[in-house]
Amino acid sequence: MEVKSQLLDLKPYQPGKPIDEVKKEYGLDHIVKLASNENPYGYSPKAKEAIERELSQLALYPDGYSAELREKLSAILGVDKNQLIFGNGSDEIVQIICRSLLDHQSNTVMATPTFPQYRHNAVIENAEIREVPLKGGEHDLDAMLGAIDEYTKVVWVCSPNNPTGNYVDQSRLEAFLEKVPSSVLVVLDEAYYEYVTAEDFPDSLTFLHTYENVMILRTFSKAYGLAALRIGYGIGCKSLVQKIEPAREPFNTSRIAQAAALAALDDQEFIESCRTRNKAGLQQYYAFCEEMKLSCYPSEGNFILIDFSRDANTLFQQLLERGYIVRSGAALGFPTSLRITVGSEEQNREIIDLLKTLL
C-alpha cells in the first residue's frame with residue numbers, strides 16, 4: 001500500500017531514552033532525567049487526590065466537551081467558555097490547527113529552530129513550510145512578516161521558544177500582530193507560560209479582544225506536572241474554535257486528565273513554588289556558565305540551552321553513561337549545545353559538578 005509521499009521522508013518524534021532502558025543498558029541504579037522539560041517536583045497533591053477518586057469511573061467515557069474543566073478555566077482566564085478547545089496535550093491542538101487550515105495550496109511561517117511539531121504536522125498536510133532562522137535565539141519577527149504572502153494560513157510564535165527559552169516581549173508582539181493580515185492565524189504557543197517571570201512578557205489574553213486571528217496554546221504538561229495524562233488547551237475567538245472543533249477527535253482527553261487538571265487549577269501555591277524554584281535553578285546554570293566561560297540563552301522556560309563548543313552528541317553520550325539524560329542540541333539545530341531541563345537544586349548541582357569534570 002502507498003501512503004502520502006510527504007510521509008516517506010518524515011521521521012516520527014524521537015523522545016529521550018526511558019529511565020529503565022538507560023538503567024539496563026549501562027548497569028546503573030541512579031538516573032536523573034533532564035531531557036523532556038518535565039516538572040522535577042511532580043504535581044499538586046490535590047491533583048493526586050482527584051486522580052484517585054476518578055479511578056472508580058474508568059469504565060465510562062469522558063465528557064467529550066470537558067464541560068466542568070471548561071467552565072472553571074474560562075472563569076479563571078476571563079474568557080467565554082466557547083473560546084476554549086481541549087487537546088491530548090497542546091501538541092494535539094497544533095495538529096488540529098494544521099488539519100483545519102493547511103493544504104497543498106497554502107504555506108505556513110515559523111521560526112527555526114523551534115518546536116518541531118509545527119513543521120511535522122504541516123508536512124503531513126503537504127503545505128509549504130517557510131522557516132525563518134532565529135536571530136540571537138529570538139524570533140526574527142520582521143523577517144517572518146516578510147515571509148507572509150496571500151497563501152499563508154498560519155504563523156507560529158513559540159514564546160518562550162523551545163529550545164532557546166527566549167520570549168517575545170509585549171511591545172514587539174503587539175507591533176507584529178498589528179501588521180499580520182487578518183486572514184492569517186497567529187498561534188502563540190505558551191506551553192511554558194507558568195514558568196515565566198519576565199515583567200514584559202505579553203498579557204496575550206488581551207490580544208483576543210483586538211485580533212480575531214490569534215490563538216493561544218497552553219498545557220498542563222509542564223509546570224502543572226501532568227505530562228503523563230496529556231491535556232492542553234487553546235484559546236481563540238469563538239468563531240474560529242467553532243470552525244476547527246470538527247477536526248478534534250471525540251473523547252480526546254481522558255476522565256483522569258480532566259479531573260486532575262481541574263484540581264490542579266485550585267493549587268496555585270504549588271505553581272508559584274515551582275516557578276520560584278525554577279528561577280533559582282536557572283541561576284545555578286547561569287553561574288556555571290559564567291564560571292566556565294560558556295554561552296547560553298537567558299531562559300523563561302524550565303530548561304536552558306548551553307553551548308559547550310564541542311560535539312553535542314559526544315557530550316550527551318558521556319552524560320548518559322553516567323546516568324544523566326539530557327537533550328542533544330544536534331537534533332535541535334544546535335550541534336555544539338545541550339538543552340538541559342532545570343531539575344531540583346540537588347539534581348542541578350550533581351549535573352553541573354559532572355559537567356565541570358567532563359569539561
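The exercises below work through a predicted model, step by step.

Residues are numbered from 1 along each chain as its sequence is written. Because the model is predicted, local features need pLDDT of at least 70 and side-chain atom pairs count only at pLDDT 80 or more, while totals for chains, interfaces and linings use all residues, and side-chain values use heavy atoms, with hydrogens and water left out.

**Exercise 1. Describe the place of Val-154 and its surroundings.**

Step 1. Begin with the secondary structure, where helices (H or I, at least four residues) and strands (E, at least two) are DSSP runs numbered from the N terminus. Val-154 belongs to strand β5, which covers residues 152-158.

Step 2. Is Val-154 buried or exposed? Buried means under 20% relative accessible area, exposed means over 50%, and partly exposed lies in between, with a 1.4 Å probe and protein chains only. Val-154 has a relative accessible area of 0%, and therefore it is buried.

Step 3. Next, list the contacts, that is, heavy atoms within 4.5 Å. When residues up to four places away in sequence are not counted, Val-154 touches Ile-97, Leu-101, Leu-102, Asn-107, Thr-108, Val-109, Val-184, Leu-185 and Val-187. One of these, Leu-185, is 31 residues from Val-154 along the chain, yet their C-alpha atoms are separated by 4.7 Å.

**Exercise 2. Examine how helix α3 meets helix α9, and what covers α9.**

Step 1. Axes are lines fitted to C-alpha atoms, for helices over the stretch in contact, and angles run from 0 to 180 degrees between N-to-C directions. The axes of α3 (residues 67-77) and α9 (residues 255-264) come within 9 Å and cross at roughly 25°. That angle is why α3 counts as roughly parallel to α9, since angles under 35 degrees are roughly parallel, over 145 roughly antiparallel, 65 to 115 roughly perpendicular and the rest oblique.

Step 2. For handedness, a crossing is left-handed if the near helix is turned anticlockwise from the far one by less than a right angle, and right-handed if clockwise. By this rule, α3 and α9 make a left-handed crossing.

Step 3. On the α3 side the contact uses Glu-68, Leu-69 and Lys-72, and these meet Gln-258, Ala-261 and Leu-262 of α9. Sorted by class, this contact has three nonpolar, one polar and two charged residues, where Ala, Val, Leu, Ile, Met, Phe, Trp, Tyr, Cys and Pro count as nonpolar, Asp, Glu, Lys and Arg as charged, and the others, Gly among them, as polar.

Step 4. How many of the 10 residues of α9 are buried? The count is nine, and α9 is thus mostly covered. Among the buried residues of α9 are Ile-256, Ala-257 and Leu-262, and what covers the buried residues includes α2 (45-54), α3 and α10 (268-292).

**Exercise 3. Repeat the analysis for helices α4 and α5.**

Step 1. The axes of α4 (residues 90-101) and α5 (residues 117-124) come within 9 Å, with a crossing angle of roughly 35°. The crossing of α4 past α5 is right-handed.

Step 2. Val-94, Gln-95 and Cys-98 of α4 make the contact with Gln-117, Tyr-118, Asn-121 and Ala-122 of α5. By class, there are four nonpolar, three polar and no charged residues in this contact.

**Exercise 4. Locate Lys-222 and relate its position to the record.**

Step 1. An unreviewed UniProt entry lists Lys-222 for "modified residue: N6-(pyridoxal phosphate)lysine"; UniProt positions are given in the numbering used here, feature names are shortened, and annotations may be inferred rather than shown by experiment.

Step 2. Lys-222 lies in the loop between β7 (214-219) and β8 (232-235). Its relative accessibility is 17%, so Lys-222 counts as buried.

Step 3. Apart from neighbours within four places in sequence, Lys-222 is in contact with Ser-36, Asn-37, Asn-39, Ala-191, Tyr-192 and Tyr-195.

**Exercise 5. Find backbone features in the loops.**

Step 1. Which residues are joined by a cis peptide bond in the loop between β3 (107-112) and α5? The bond runs from Thr-112 to Pro-113, with omega near 0°, and Pro-113 lies in that loop. A cis peptide bond also joins Ser-159 and Pro-160, with omega about 0°, and Pro-160 sits in the loop between β5 and α7 (170-179).

Step 2. Turn to positive phi values outside glycine. Lys-293 has phi near 60° and is placed in the loop between α10 and β9 (295-296); at 76% relative accessibility, Lys-293 counts as exposed.
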